[in-house]
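User: Please take a close look at the largest cavity in this structure. I am new to it, so go through the lining step by step and then add some context from elsewhere in the model.

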Amino acid sequence: MKRKFLSVRFFLSLGLLFSVIFSAWSIYYKTHNWGFNLYPNQKTPVWTIESHLTFLPTDNPIQVSFSRPDGTGNYKILDETVIAKGYDIKKEKNKFVISGKNKKTQQDIYYRILVYDTMKSKGKTKVVNAPAKPTLPSFSDDELVLAKEVLVKAKEKEGDFVQNLILLLNESEPNEAVLAFMPERKNTLETAEIIVNLLALEGVPARLIRGIILAEGKKASKTDVLLEAYNAASKRWLTYQIRSGEYGIPESFIVLRRGNDSLVDVIGGVESQTKYSVLKSLASSFSMAKYRAQSAEQKQSFTYSIYSLPIAEQNALKWLMIFPLAILIVVLLRNVVGLKTMGTFTPMLISMALVETGFGAGLTAFVIVTGIGLIIRAILSRLNLLLVPRISSVVIFVIFIIQMCTIIGYRFDFKVAAAVLFFPIIILAWIIERASIIWEEEGFKSALNEVFSSVLVAVITYFVIVNPTIQHIMFAFNELNLVILFIVMLLGTYTGYRLTELKRFAPLVINKDKE
């Protein structure tokens, strides 16, 4: 029998270990791929980027193309729309093609995209095959000589050649070679184009990255520009900021286009202008989890999770997910601490009622109804009724008490009286009946002790299940309930002293020490 017991505990401990490992992996999976957080009410920024194109039509048919983001940067597309009244809109792989004719006045076309941070792809670059050698730029003989001098100066410095070249062209006090090659300071786009041409002379493939730096309320007439150069040693495209030479795509930068092609092309129109604006909004991390799973190619695993259910069902399950933790608290307080409660899970049911009533009003209402019920039960005990009719009578009296308290609460705006309505009638009646039986058999002190212990456990459980952080963790990472299951089962094998029994058996230990 002892071996069997030990083997049960061994297998339960093994199950607890595996459940902890599985839960840890699942939590990492959800936080890494779905964007879940350990704290409630976490928000994910969702950015709206709008391109507003205006132009004057000519007599020719109009064709406009908006370049679409490739989705390989720090951000992924959540949604995209084109607003072009009276035009035919065709969505292609890399662009939107908008066509129309017979337009007379100034035209306004909007291209709007919603993007969000994918987390998993952030800051990563892939190994790629070496691209074709760049085409040599068309420099005059004098320009070619000066360009080579600038390249020599960049090579003289230690470190990354591309970064050295960028810093050389952006020095506050440029040397003679740079001044001769570039007498006037250029804007970011012009500087980037010059760097691409200089790198082409060295046979280094380079290209522009056009995009938008995300900032709340931003409005701009031009896109922001970065430089991307191929590094043969690492077989990767390395990104550089045009002014500082720093590596990498900035955290707030969304890539709209790689290469030297324009973002917007207009045929059949003149005096075209494109303005960009940015708007930031916030979305719940749970609502964005579906899109993160899709971008990480894990749509199937998300579809069969509770987070794909409608909100109403999710809210119902949110309460169910926290009940195992409340059960664990009851088991610990009964089997380890040694508190005696009226029934195994009566405290948990009381705590659920307190959630609906509010803590102060609900607890006061519970004490009042239970007190009145015990008085009525004491009167009924003198009638010597059978068990079932006696309990039924108590239930009916409890209904009368609730009815009276509800009317009083409504008439005099007493929250305490109105709170009684949310307590389960059967539970109240059963508690009154149980307390009265203990009163008769073991005395008033024992009955009061059990009622007090039940309320104490209910209060502890209440403060656990109403905690927003605990609610969030138990719902977002519900695999923790598997760990709780094995802990509860292991507690079922515990046969040692309860904490409240240590005081009871303390004299035996003292006498043994004296002997």
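**The largest cavity and its lining**

Analyst: By class, eight nonpolar and two polar residues line the largest cavity, and no charged residue is part of that lining. The model is a predicted one. The volume of this cavity comes to about 90 Å³, and the structure has two cavities of 30 Å³ or more.

Which residues line the largest cavity? They are I49, S51, F66, S67, Y111, I113, L256, L263, V264 and Y276. Three elements each give two or more residues to this lining: β1 (43-57), β2 (62-67) and β6 (107-117).

Another part of the chain to look at is a strand pair. Strand β9 (residues 224-231) and strand β10 (residues 236-241) run antiparallel and are joined by six bridges. Within this pair, A229 has L238 in β10 as its bridge partner. The two strands, β9 and β10, make a hairpin, with four residues lying between them. One residue in the turn, K235, has a positive phi of about 55°.

A word on confidence is useful when reading these details. The average pLDDT of the protein is 81, and 89% of the residues score at least 70. Among the elements, the lowest mean pLDDT, 55, belongs to helix α12 (residues 415-419). The highest mean, 91, is that of helix α16 (residues 480-491).

Key:
Residues are numbered from 1 along each chain as its sequence is written. This is a predicted model: local features need pLDDT of at least 70, side-chain atom pairs count only at pLDDT 80 or more; totals for chains, interfaces and linings use all residues. Side-chain values use heavy atoms; hydrogens and water are left out. On a 1 Å grid over the protein atoms alone, a cavity is a set of points where a 1.4 Å probe fits but cannot get out, and a pocket is an open set with protein on both sides within 12 Å along at least five of seven lines; lining residues have an atom within 4 Å of a point. Grid points are joined across faces, edges and corners, and a volume is the space filled by probe spheres set on the points. Ala, Val, Leu, Ile, Met, Phe, Trp, Tyr, Cys and Pro count as nonpolar, Asp, Glu, Lys and Arg as charged, and the others, Gly among them, as polar. Two strands pair if DSSP finds at least two bridges between them. pLDDT is the predictor's confidence in each residue, from 0 to 100.
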